[in-house]
Amino acid sequence: MHLTVLAVPDCPNVMLLEERLAQVLQGRCDVTVSRQVIADQDEAARRGMRGSPTILVDGVDPFAGPGQPASVSCRLYRDGDGQADGAPSVSQLRQAVAAATTATTDAGSPSWLDALGRGGRGRVAPDERGLRAVHQAVLRSFAATGRAPGPDVLDAAARPFDAAQVLARLADDDFLCLDQGGRISAAYPFSATATRHTVQITGGPSAYAMCAIDALGIARMLRTSVLIQSTDPSTGEPITVTVDGSKAGWHPTTTVVFVGRTASECAGPSAAICCDYMNFFTSQAAAEAWACARPEITGGILSQSRAREVGEQIFGQLLQ
């Protein structure tokens, strides 16, 4: 989980918020916090600051009222007794963090996060007319060789159905992508062509992932450890992530994941609207700067733990 504190310069209440937040987060190693100074009204609107100070929980303002506009003015909060204060109470902050921690991924996620894949429909292909058999054969080929399977493998998996028709249906439903020649160009989480995300599978090949979230889901899908090598798209700096069971190592340790899309809804094909905008960044600041320069992209920043959770949620059961 990632918290972002937004405030204007010299905000008189930001220290009060920080003190209360420190009480709430004592011993919580799974929560990261960043601070952003907001200079003007335009930046307040871009960042989602509805008065100073504002706190965002995984990009969402848990204290915002319906239609509450962005603002650089002093923000007042009401405690349980209706009294005005310059920051949420310790109890209110604790409730907001607890709600984000326990919320289910589909109900508690911000609108821009497709935490299940395919617009909330999930990426497990239907077990009918050869769809799941072919889909899993494609994924196993990428996992074993780093490449899509040949026609013989596809025909055997599709039998008694026509492999080309099965692939076309899988592509129509955004389980995989086909090029103009009908060849497999991607099967989420894998890409048949080079991307900025390389995944070294322990005991197996090196493969390309479609995006940062896809790369983070491969270890759980294959029930093995992986080494992810990527780059920050804004600086070109290298980023590595090792995933081994419940453990993960991130370098730099400040790495975050930006998840974005161009469409107004989380609808496929993901390769066209999402994958290019789901990347690792060396820091929160780098991700924010990249996003600010691209107002056409809708999205937000995920903490390391949340990004892994989403990847594993989407891809963990695909080969079961």
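Colleague: In which loop is D174 found?

Modeller: This is a predicted model. D174 follows one helix and precedes a strand, α7 (163–172) and β8 (177–178) being the elements on either side. D174 is therefore placed in the loop between α7 and β8.

Colleague: What is the phi of D174, and is the residue buried or exposed?

Modeller: Most residues other than glycine have a negative phi. D174 is not a glycine, yet its phi is positive, at about 65°. Buried means under 20% relative accessible area. With a relative accessible area of 3%, D174 therefore counts as buried.

Colleague: Where is R223 found, and how does its relative accessibility class it?

Modeller: R223 also has a positive phi, of about 55°, although it is not a glycine. The residue is found in the loop between α8 (212–222) and β13 (226–231). Partly exposed residues lie between the 20% and 50% cut-offs. At 46% relative accessibility, R223 is therefore partly exposed.

Colleague: Which residues does a cis peptide bond join in the loop between β15 and β16?

Modeller: Most peptide bonds are trans. The loop between β15 (247–251) and β16 (256–261) holds P252. The bond in question has an omega of about 0° and is cis; it joins H251 and P252.

Colleague: What is the omega of the peptide bond from Y188 to P189?

Modeller: P189 has its place in the loop between β9 (184–187) and β10 (190–191). The bond that leads from Y188 to P189 is cis, with omega near 15°.

Colleague: How far apart are the end C-alpha atoms of helix α11?

Modeller: Helix α11 comprises twelve residues, 304–315. Buried residues in α11 include R306, V310, E312 and F315. At 1.5 Å a residue the helix should span 16 Å, and the model agrees with this because its end C-alpha atoms are 17 Å apart.

Colleague: Which element gives the largest share of the largest nonpolar core?

Modeller: In soluble globular proteins, nonpolar side chains tend to be buried together. The largest nonpolar core here has 60 residues, and those touching the most other members are V134, F190, I213, L216, I228, V257 and F280. The largest share of this core is eight residues, and these come from α8.

Colleague: How many residues form the other core, which lies apart from it?

Modeller: The members of this other core include A7, L17, L25 and L93. Its size is 23 residues.

Colleague: With which residues is I228 in contact, leaving aside its neighbours within four places in sequence?

Modeller: I228 is one of the residues that touch the most other members of the largest nonpolar core. With those neighbours left aside, I228 is in contact with T198, V199, A215, L216, I239, T240, V241, V243 and F280.

Definitions and conventions:
Residues numbered from 1 in each chain as written. Predicted model: local features only at pLDDT ≥ 70, side-chain atom pairs only at ≥ 80, totals over all residues. Heavy atoms only, no water. Helix = DSSP H or I, 4+ residues; strand = E, 2+ residues; numbered from the N terminus. Expected span 1.5 Å × (residues − 1). Buried < 20%, exposed > 50% of the residue type's maximum accessible area, 1.4 Å probe, protein only. Core = buried A, V, L, I, M, F, W, Y, C linked by side-chain atoms within 4.5 Å. Contact = heavy atoms within 4.5 Å.
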